[in-house]
Amino acid sequence: KEEETKLKEAEDKRKQELEEQETKRRLAEDKTRLRLAEDTKRKEEETKLKEAEDKRKQELEEQETKRRLAEDKARLRLAEDTKIKEEETKLKEAEDKRKQELEEQETKRRLADDKARLRLAEDTKRKEEETKLKEAEDKRKQ
C-alpha cells in the first residue's frame, strides 16, 4: 500500500508538474500573443501617424505649389501689364510726335501761305503803283 501510495503520489506530483509546465507554456504563449498584439497595434498606430504625416506634407506641398503658381501668375500678369503699358506709352509717344510733326507741317504751310499772300499783296501794290506811275507819266506826256 505504501508503494501504491508513493506511486500514486509520484504520479500525482508528475501530473501536477506537467500541468504546471502546460500552464507556464500557455502563459508564455499568451504573453507572446499579447506582445505580438501590442506590437501589431503599435505598428498600426505608427503607420496611421506616418500616413497622416505624409498626407499633411502632401497638403503643405500642394498649398506651396498653388502659392508659387499664384505668384508666378501674378508676376506674369504684372509683366504683361508692364509690357502693355510700355507699348501704349510708345504708341502715345509716336502719336504725339506725329501730331507735333503735322502741327509743324501745318504751321510751315500757313507760314508759306502767309508769305505767298504777302508777296502777292506786295506785287499787287507795286504793280498798282507802277500802273499809277505809268498812267501819271502817260498823262504827263499827253
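## Close-up views along a single helix

**Figure 1. A network of salt bridges links six residues.** E22, R25, R26, E29, D30 and R33 are joined to one another in a network of salt bridges. This is a predicted model, and the network is a good place to start looking around. Side chains of opposite charge can pair when their charged atoms come close. Across the whole structure, a search turns up 28 salt bridges, and the next views pick out a few pairs.

**Figure 2. The whole chain, for orientation.** Before zooming in again, it helps to step back. The secondary structure amounts to one helix and zero strands. Measured against what yardstick should the overall form be read? The C-alpha trace spans about 205 × 5 × 5 Å along its principal axes. The yardstick is a compact globule: one of 142 residues would have a radius of gyration near 14 Å, whereas this chain has 60 Å. Buried residues make up 0% of the 142 residues. The chain exposes about 14,300 Å², with carbon and sulfur atoms supplying 52% of that area. The chain carries 47 positive and 48 negative charges, and the mean positions of the two sets are 5 Å apart.

**Figure 3. R67 and E71 pair along the helix.** Here the side chains of R67 and E71 meet in a salt bridge, with N and O at 2.3 Å. Both residues belong to helix α1, which covers residues 2-141, and they sit four residues apart, about one turn of the helix. R67 counts as partly exposed, at 36% relative accessibility. E71 is partly exposed as well, with a relative accessible area of 33%.

**Figure 4. K92 reaches D96.** Now let us move to a lysine and its aspartate partner. K92 forms a salt bridge with D96, and the closest N and O atoms are 3.1 Å apart. K92 and D96 both lie in helix α1, with a spacing of four residues, or about one turn of the helix. How large is the relative accessible area of K92? K92 has 47% and is partly exposed. D96, at 32% relative accessibility, also counts as partly exposed.

**Figure 5. R110 and E106 form another salt bridge.** The side chains of R110 and E106 meet in a salt bridge, N to O at 3.1 Å. About one helical turn separates R110 and E106, because they are four residues apart in helix α1. E106 has a relative accessible area of 28% and is partly exposed.

**Figure 6. T124 turns to a backbone oxygen.** This view leaves the charged pairs for a threonine. T124 lies in helix α1. Which backbone oxygen does the side chain of T124 reach? The backbone oxygen of L120 is the partner, at 2.7 Å. T124 is partly exposed, with a relative accessible area of 36%. For a sense of distance along the chain, the C-alpha atoms of T124 and Q63 are separated by 89 Å, and these residues are 61 apart in the chain.

**Figure 7. L60, a leucine in helix α1.** Our last stop is L60, which lies in helix α1. Is L60 buried or partly exposed? L60 is partly exposed, since its relative accessible area is 40% and buried means under 20%. L60 and E20 are 40 residues apart in sequence, and their C-alpha atoms are 58 Å apart in space.

Technical notes: Residues are numbered from 1 along each chain as its sequence is written. This is a predicted model: local features need pLDDT of at least 70, side-chain atom pairs count only at pLDDT 80 or more; totals for chains, interfaces and linings use all residues. Side-chain values use heavy atoms; hydrogens and water are left out. Helices (H or I, at least four residues) and strands (E, at least two) are DSSP runs, numbered from the N terminus. The radius of gyration is taken over C-alpha atoms; the globule rule is 2.2 Å times the number of residues to the power 0.38. Buried means under 20% relative accessible area, exposed over 50%, partly exposed in between (1.4 Å probe, protein chains only). Accessible areas come from the Shrake-Rupley method with a 1.4 Å probe; for residues, only the protein chains shown count as cover. Lys and Arg count as positive and Asp and Glu as negative; His and the chain ends are not counted. The place of a charge is taken as NZ of Lys, CZ of Arg, CG of Asp or CD of Glu. A salt bridge is a side-chain nitrogen of Lys or Arg within 4 Å of a carboxyl oxygen of Asp or Glu. A polar contact is a pair of N or O atoms within 3.5 Å; within protein, one must be able to donate a hydrogen and the other to accept it, and residues adjacent in sequence count only if both atoms are side-chain atoms.
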